[in-house]
Amino acid sequence: MTFTNRTALVTGAGRGIGKAIAEVLAAKGVTVICVSKSAESCGAVAAAITAAGGKAVSRAVDVADGPAVAVAAEALLKEFGKIDLLVNNAGITKDGLLARMSEADWNAVIATNLTSCFHWTKAIGWPMCRNRWGRIVNISSVSGLVGNAGQANYAAAKAGMVGFTKSIAKEFARRGVTANVVAPGFIETDMTAGLSAEVKAAATQFIPMQRFGAAADIAHAVAFLCAEEAGYITGQVFTVDGGMTM
Ligand code: NAP
């Protein structure tokens, strides 16, 4: 995988999958802007990357806050000159059966998982198009592909990311900017740490590989889609789930 003088912005880089994506890209020589909600988590990840010899900075930005994203993106584009790789990874769950799901929980999940992609892609995607080179990877979920009882808000947001990505892939294709989706299955992170042993055991039964994946499994797929060599791949959904939805 070739990365020449590339700068990446990774949202949700303070923990879990986003942290692994930031680490893998930094290990390949990419300068990484780590974004998360709290300054502490993305700051610690950027500091660890820097201590290991990589290049990283951190910014605390609420990805659901459109004006805050626009201000942060403008400042970062000024500071770095360009951002070549955008990974929309920040996400939350607020699970519950539809009958008991509040409108607030619906709105929070749509805003953080889906509308955040609109904000960041608007702010950073067009400058990529002007540069005639860019890679956008949006982290969806198998829930968005096959649905999941108790996750109507999350599955709707994650399915929305697929339609959004395919649309911008068509808009940006002529300008050398690709856009793809990575859809993880069950991955060992804080997001799944709260699942009970029974739920984990039940989920594992449906995974041919009989185990949850690691954050690094997702990060390597993302890195491939961000590399020079992936320039003819766009508008695609890559499921990384141990065979669960094949
Ligand atoms: P995680 O461990 O809960 O980490 C989530 C990250 O997103 C954190 O760094 C958090 O920031 C950040 N974040 C949340 N809300 C934010 C906001 N409003 N503004 C800015 N940053 C925000 O989650 P994960 O398991 O790594 O999941 C990463 C992505 O993969 C999500 O989109 C998730 O839906 C998707 N995914 C995960 C799994 C899985 O099994 N884990 C499966 C399928 C899809 P702080 O650190 O500041 O809290």
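1. Let's start with a side-chain pair. In this predicted model, the side chains of D84 and K82 make a polar contact of 2.8 Å. D84 also reaches a backbone: a polar atom of its side chain lies 2.7 Å from the backbone nitrogen of T7. So when you click on D84 in the viewer, look for both K82 and T7.

2. Where does D84 sit, and is it buried or exposed? Look in the loop between α3 (66-80) and β4 (85-88), and you'll find D84 there. D84 counts as buried because its relative accessibility is 2%, and the cut-off for buried is under 20%.

3. Here's another buried residue with a polar partner. S143 belongs to helix α5, which covers residues 142-146. With 8% relative accessibility, S143 also falls under the 20% cut-off, so it counts as buried. Its side chain has a polar contact with the side chain of Q151, at 2.8 Å.

4. Now for the ligand. Which residues come nearest to the ligand? There are 31 residues around the ligand, and R15, S38, S41, Y154 and T189 come nearest. As for where the ligand sits, the space it takes is the largest pocket.

5. Next, have a look at some individual atom pairs at the ligand. An oxygen atom of the ligand lies 2.8 Å from a backbone N or O atom of I17. A nitrogen atom of the ligand is 2.9 Å from an N or O atom in the side chain of D62. For V63, a polar backbone atom is 3.0 Å from a nitrogen atom of the ligand. How much of the ligand does the protein bury? On its own the ligand exposes 900 Å², and the protein buries 93% of that.

6. What is the shell around the ligand made of? By class, count 11 nonpolar, 15 polar and 5 charged residues. Several helices chip in: α1 (16-27), α4 (103-131), α6 (152-172) and α7 (190-193) each supply at least two residues of the shell. Which helix gives the most? That's α7, with 3 residues.

7. Two residues deserve a second look for their backbone angles. N5 isn't a glycine, yet it has a positive phi of about 55°. You'll find N5 in the segment before β1 (7-11). N5 has a relative accessible area of 62%, and so it is exposed, the cut-off for exposed being over 50%.

8. Q210 is the other one to check: it is a residue other than glycine, and its phi is positive, near 60°. Q210 is part of the loop between α8 and α9 (215-226). At 52% relative accessibility, Q210 is over the 50% cut-off and therefore counts as exposed.

9. Last stop, E198. This residue is in helix α8, residues 197-205. Is E198 buried or exposed? E198 counts as exposed, because its relative accessibility is 60%. If you'd like to try the distance tool, go from the C-alpha of E198 to the C-alpha of L145: the two are 24 Å apart in space and 53 residues apart in sequence.

Note on methods
Residues are numbered from 1 along each chain as its sequence is written. This is a predicted model: local features need pLDDT of at least 70, side-chain atom pairs count only at pLDDT 80 or more; totals for chains, interfaces and linings use all residues. Side-chain values use heavy atoms; hydrogens and water are left out. A residue is near a molecule or strand if one of its heavy atoms lies within 4 Å of it. A polar contact is a pair of N or O atoms within 3.5 Å; within protein, one must be able to donate a hydrogen and the other to accept it, and residues adjacent in sequence count only if both atoms are side-chain atoms. Accessible areas come from the Shrake-Rupley method with a 1.4 Å probe; for residues, only the protein chains shown count as cover. On a 1 Å grid over the protein atoms alone, a cavity is a set of points where a 1.4 Å probe fits but cannot get out, and a pocket is an open set with protein on both sides within 12 Å along at least five of seven lines; lining residues have an atom within 4 Å of a point. A molecule sits in a cavity or pocket if more than half of its atoms lie within 2 Å of its grid points. Helices (H or I, at least four residues) and strands (E, at least two) are DSSP runs, numbered from the N terminus. Ala, Val, Leu, Ile, Met, Phe, Trp, Tyr, Cys and Pro count as nonpolar, Asp, Glu, Lys and Arg as charged, and the others, Gly among them, as polar. Buried means under 20% relative accessible area, exposed over 50%, partly exposed in between (1.4 Å probe, protein chains only).
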